[in-house]
Number of protein chains: 2
Amino acid sequence: MNKLVSNVLLGVALTFVVACGQDTTTEQTKVKASEAAPVDVQAHPNLLLAAKDLPTLKTEAANYPLFSRALNAAKTTVDEAMAAPVDVPFPKDPGGGYTHEQHKKNALLMYQAATLSAITGDTAYSDWAIALMKRYAELYPSVPLHPEHKHQAPGKLFWQVLNDAWWLVYIIQAYDALLPQMSQADQTLISQQLLLPHANFLSEGSAETFNKVHNHGTWAAAAVGMTGLVLKDDHLVNIALRGLDGSGASGFLAQLDQLFSPDGYYTEGPYYQRYALLPFVVFARALERNKPELGIFEYRDGIVLKAIYASIQLSNGGLFFPLNDAIKDKGLDTIEMVFGVDVAYGLTGDKDLLAIAQYQQQVTLNGDGLAVARDLHQLAATPAFSFGSKLFRDGPAGDQGGVAILRSNNATVVFKAASQGMGHGHFDRLGWIYYDGANEIVSDYGAARYLNVEPKRGGIYLPENDTWAKQTVAHNALVRNEESQFSGDVKAASKHNPEITRFTRGDGWQLVSATESHAYPGTEFDRTFVLLDNLGTEAPVVLDLLRVDANEAANFDLPFHYQGQLMFHTGKANLALDALKPLGKANGYQHLWNKGELVAEKNTVQVSWLQRNRFYTLTQWMPEKSRMALTELGANDPEFNLRREAGLVVRYAKTKQATFVSALESHGEYNGVREYTLAPRGDIGDIGYSSVGDYSLVHIKLKSGLAYTVAIAHVAQDGEHTVNTAEGAITWTGDVTVVPNN
Amino acid sequence: MNKLVSNVLLGVALTFVVACGQDTTTEQTKVKASEAAPVDVQAHPNLLLAAKDLPTLKTEAANYPLFSRALNAAKTTVDEAMAAPVDVPFPKDPGGGYTHEQHKKNALLMYQAATLSAITGDTAYSDWAIALMKRYAELYPSVPLHPEHKHQAPGKLFWQVLNDAWWLVYIIQAYDALLPQMSQADQTLISQQLLLPHANFLSEGSAETFNKVHNHGTWAAAAVGMTGLVLKDDHLVNIALRGLDGSGASGFLAQLDQLFSPDGYYTEGPYYQRYALLPFVVFARALERNKPELGIFEYRDGIVLKAIYASIQLSNGGLFFPLNDAIKDKGLDTIEMVFGVDVAYGLTGDKDLLAIAQYQQQVTLNGDGLAVARDLHQLAATPAFSFGSKLFRDGPAGDQGGVAILRSNNATVVFKAASQGMGHGHFDRLGWIYYDGANEIVSDYGAARYLNVEPKRGGIYLPENDTWAKQTVAHNALVRNEESQFSGDVKAASKHNPEITRFTRGDGWQLVSATESHAYPGTEFDRTFVLLDNLGTEAPVVLDLLRVDANEAANFDLPFHYQGQLMFHTGKANLALDALKPLGKANGYQHLWNKGELVAEKNTVQVSWLQRNRFYTLTQWMPEKSRMALTELGANDPEFNLRREAGLVVRYAKTKQATFVSALESHGEYNGVREYTLAPRGDIGDIGYSSVGDYSLVHIKLKSGLAYTVAIAHVAQDGEHTVNTAEGAITWTGDVTVVPNN
């Protein structure tokens, strides 16, 4: 504290010098001292890092491994940087280029050095960071719009203004943490020549981006708003919250209103939800500290926290559901989620979050991060997060479909019946993913992109992202006439959304249903997933029922993408053993090798495979005229961009009505080390299907001799359902009943 | 101790009863009491578990996690078994069948229960195990040769005598541990009706197997020999050591002489070495305890310990090198290696072994296991095993080629120039495997088999083991005219072996060379690997030089099997984008899809791929008329038995001489979570090759501008080598020199 006090005094002294016009640095002469009012530096930092937490942070930093490790990592990075000269180059290069990377690096270094100085009290860090920040203040007035800005909203330090906003989000936090160590003259210099002009550039100077209700707008709002909070500039805070005209039609609050659904779902999907989350979380935390009267975390029924929790629920085994243009490595241990979890924990103290923090093995360097590290360290039992069955509605009003998750034991069904999700959306309505434990079993390809891998076209989205990854056949979703939904037209797809009709559960079952009427003109289809717990099988069984009703005969395909090695199949096989051709010509089909076809011998085809150490068996109802193609990805792939993945496609030719019915089981174990194998074949012998009016009857026969009829009501009603079958009437209430047949 | 003493007294009392002929159980009346001499039960157990260790085991069992966990696991298993009736069925079923599995299970249960009783003093365990063993003693006299023994040396409890030997190895250990709790009557019953007759059956009764110098013989020797040790029957011990005729032409000592090379290499390769190891280790440990005068662990310069250490060295990342018919899951954590490591540690106290034990996370329930668990628990630092560069010569005299390992930093080159390795050997002379850290980068397919997976033909070797896995093209080894080495004939291949000509190292390099003259008649080829540390690249570079000299023109192919996703290639490509055909018609070629061809634009072709999070680049010297086929495994695979793996084949058409030269680098990092990629392209720009007499000159140009000539002398000589090149003379001593060119 003595050091802090002495620096405060020093700050006052320097203020006096500036006020007397005795400052000798030429760059500062343009700034009038009167414009920079003295700041109560003792109240700073006060964004994510808070002055009130500093004594505790200093005392306890070494006590909790996660925190001390983060602190030491920051020290190592900054110490290394401080040992060498630092370049502040004139902005010139596009993304990935030298000046781009250098300015990014410098921002993080200033942020880390400022944080270290605040927590440890070591002024070597603040001296260094202040000196570096002053160089930016000296450079900034001479920087024009970035020369490389052809297709982007231009920035100044970077080619696109999004990066400039990102930069200020870190710089303003650094400045905030440095304030107690900063002379009045330096405060004036930096605020007047760097922070304010940059905040003005991001707002007035980049009005279109700033007024966007889009994650680019959120980064700008966070940067400008936090600058306002630190500099006590209410105008900046106000435009950050309510847009340039102050009307509230844009700005942070409008973004909170419109970018998330009432359940906290972000329309582009979990991968981009993570990316969008950071500025929301950071700015909200700063607002909570500085404008508690705003009640930002209560805003819209707690939408910021909902968004954080939604991001967690939209993951499995630590990785986000790879919906839409997703890089499949991304998950809960990304830096955005570290910020999200720490802030949420700081606010709620919800012990569930410690499980996520433990997975992250990382905390942020502030009071919230310390609380997480401390409480995790002191926790007696292993923490667990309550992953559950959830429906995340899509759209600002929650009426644009959604993503449904059914979970039971190790089984997770992800059903995508959401809106298009803008330009990064895939044409995969009523598609699904299935996980067994942490393993993705029925899989989604994600994006065709090797992020940041220069030899793969510089790391951008590859041509195969359009020709394969976005296409319907790349998903576990219905294809008509080998064409993608909405003919692959984002605009058309954005006008309509599927409808989730039911999301219910009962004794031993969970159900979700959705309908889609616009993806293929003149064609309606619905799909129902029932997760069944009590059939006497080793693990829950996933029942999948997709019904198509078209006004013209067409070919209907339902692809199913699996990982792993095929173990066995039933049915009559006609395989392509010594020559392969693609399955089709376009819309993704040109990328699938056709390895042959199976037809049922007795109305059912089973395909079973081994993935890691567990077996999976799909039992597909295959009435006459249906057939199953076996596929492998990789045709027409001149740059070897596609992964070699397996799939199958259930096909109906020239029909107006088609019904796809299957049951998926996970079973057994392969243990090569201990030399045993358990249950390499599933419990289900075969399945059958019939329908009576608006009721579907799925007959499941187990090899044990047990047999069930699963009766599904396609129309919800409060009272009793009754279906008359050859074996007698079935009567029940609710969406589903499971009737033992023997 | 009180309980032990009281039971000993009880044992004596019962002995008296039997001696007086007062025993009332009808089953025992046939046994004359005089035949069963009283045993000093206090001296038992004394095989792997020793009476002298019991007090310590009892006191300290709970102190060390690895030991207490193993003890508790055994308790759980046995408690569960004791809670239900146990079946001792009349032997009937073949391997995998009910009676087969039940007898296996019962043996392990008796062994575990006996061990628990000895360590904990809880007589509930011994009572139960003795009762169960008596049921076997009652059953045994009525058991004829097993009905299912068509193609095997027949057993009695099992279809093949190998399983019967395995069974007695566990049962005799159980009996040994139960002795202190066993009445004289029970001793008599069990020894006379079960142990001795079964030992006789395994020896006199199965003379052919018993006299085999083969791992089946070792199991029999261990079973019979340990029975002799426990029952104080020197005849049994003697035939176990020296064969039925006592000449020493067969038996355990002959097996020790002939089955391992002087370096401890087992000719079938590491996968089978592990399997063969267990009876050697167990019987040797028992001999050491009971016949210390034999000095079994000093025998043949310590061959048993050498074999244990060799097994460890012949692994990477915990998994055995998958040479020959190997299941790739098998590694250091198998039960055989747990026994091996514990026994070796008990004898040597070599702290290196604790690193392996830590990987195993398992110990055996005896004094050796306790020592491992205790010392690992008390170790301050993380233990590390010294994996190093080693040559393992093959053949009893060490003159039948061998397997060479070059290791430097993370790089491991495995060069296979061993003899055929009997029926499980592959036709892969002068083939290689390369690891980066724990990851297999240049890969060996191992066996085409899903061990114990019933849907895959009951888990046996699949047809593709012959048509693919054993064939030369399935390996990284030279193929002539699309035919396998020795035309795939094991007998022919077993007559000859490659010769390892050099295994040397110098400053910054390690080298191994071998020649092969018989694999293809009229064709000699040699191959040299040089692992180079000091080129200024991120990781060591592997230089691979294969020279062929044939008396008739032929086509020569050098396949290269890699894992991972292709990132980029250079050269002119002619790809099969929309139709695939197999690369050839037979000898494994029928299983490779031909995805197209690359030819060099400037004498070099690079192929780069990403595996897990690291990049690999192969730079192949490609003179005119050579071409490179890109392949994928999976053609002509009607049961989907083959894994979808990638490869490339460097090809020379119709030539008498061919030289294959390449350099392999590992580089960079892909980090999707933290969004960065380092060095996705390697350091090597291109390579060139020239030869002068018996010298090879490989020219390596780095992109940095650095360039080197690696001069390799193909004939070893003590003095100086001199090569005159256009750039001047190069003079050096040793096998290799690396000359910077600028």
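Two strands pair if DSSP finds at least two bridges between them. Keep that in mind for the sheets on this tour of a predicted model.

**Stop 1: the sheet in chain A**

Select residues 695-702 of chain A, which are strand E24, together with residues 707-713 of chain A, which are strand E25. The two run antiparallel and are joined by 7 bridges. To see one of the bridges, pick His699(A) and look across to Thr709(A), its partner in E25(A).

Now widen the selection to the whole sheet. In chain A, 4 strands form an open sheet with antiparallel pairing, and their order is E23-E24-E25-E28. At the edges are strand E23 (684-692) and strand E28 (736-740) of chain A, and each pairs on one side only. From one strand to the next, the twist averages 20 degrees.

**Stop 2: the sheet in chain B**

Move to chain B and find its open sheet of 4 strands, ordered E23-E24-E25-E28, with antiparallel pairing. Strand E23 (684-692) and strand E28 (736-740) of chain B stand at the edges; each has a single partner strand, so one side of each has no neighbour in the sheet. The twist in this sheet averages 20 degrees from one strand to the next.

Here, select residues 707-713 of chain B, strand E25, along with E28(B). This antiparallel pair is held over 5 bridges. Label Val710(B) and you will find Val738(B) of E28(B) opposite.

**Stop 3: the axis between the chains**

Show both chains. How large a turn lays chain B on chain A? A turn of 180 degrees does so, with a shift of 0.1 Å along the axis and an RMSD of 0.1 Å. This is therefore the relation of a two-fold axis. The same surface serves both copies, as 100% of the contact residues of chain B recur in chain A.

To locate the axis from chain B, select Leu580(B). Its C-alpha lies 2.4 Å from the rotation axis, the closest approach of any residue of chain B.

**Stop 4: helices H3 and H5 of chain A**

Two packed helices are described by the angle between their axes and the distance between the axes. Select residues 65-82 (helix H3) and residues 123-139 (helix H5) of chain A, whose axes come within 11 Å and cross at roughly 55 degrees. H3(A) is therefore oblique to H5(A). The crossing of H3(A) past H5(A) is left-handed.

Show the side chains of the contact. From H3(A), take Lys75(A), Val78(A), Asp79(A), Ala81(A) and Met82(A); from H5(A), take Ala124(A), Tyr125(A) and Trp128(A). This contact of H3(A) with H5(A) has 6 nonpolar residues, 2 charged and no polar ones.

**Stop 5: helices H4 and H6 of chain B**

Return to chain B and select residues 98-120 (helix H4) and residues 161-178 (helix H6), whose axes come within 8 Å and cross at roughly 25 degrees. Are H4(B) and H6(B) roughly parallel or roughly antiparallel to each other? Angles under 35 degrees count as roughly parallel, so H4(B) and H6(B) are roughly parallel to each other. H4(B) passes H6(B) in a left-handed crossing.

Among the H4(B) residues to show in this contact are His100(B), Leu108(B), Tyr111(B) and Ala118(B). On the H6(B) side, the contact includes Trp166(B), Trp167(B), Tyr170(B) and Leu178(B). By class, the residues of the contact of H4(B) with H6(B) divide into 13 nonpolar, 5 polar and 1 charged.

Terms used
Residues numbered from 1 in each chain as written. Chains lettered and ligands numbered in written order. Predicted model: local features only at pLDDT ≥ 70, side-chain atom pairs only at ≥ 80, totals over all residues. Heavy atoms only, no water. Axes fitted to C-alpha atoms, helices over the stretch in contact; angles between N-to-C directions. Least-squares fit on C-alpha atoms with pLDDT ≥ 70 in both. Contact = heavy atoms within 4.5 Å. Parallel < 35°, antiparallel > 145°, perpendicular 65-115°, else oblique. Left-handed = near helix turned anticlockwise from the far one by under 90°. Nonpolar A, V, L, I, M, F, W, Y, C, P; charged D, E, K, R; others polar.
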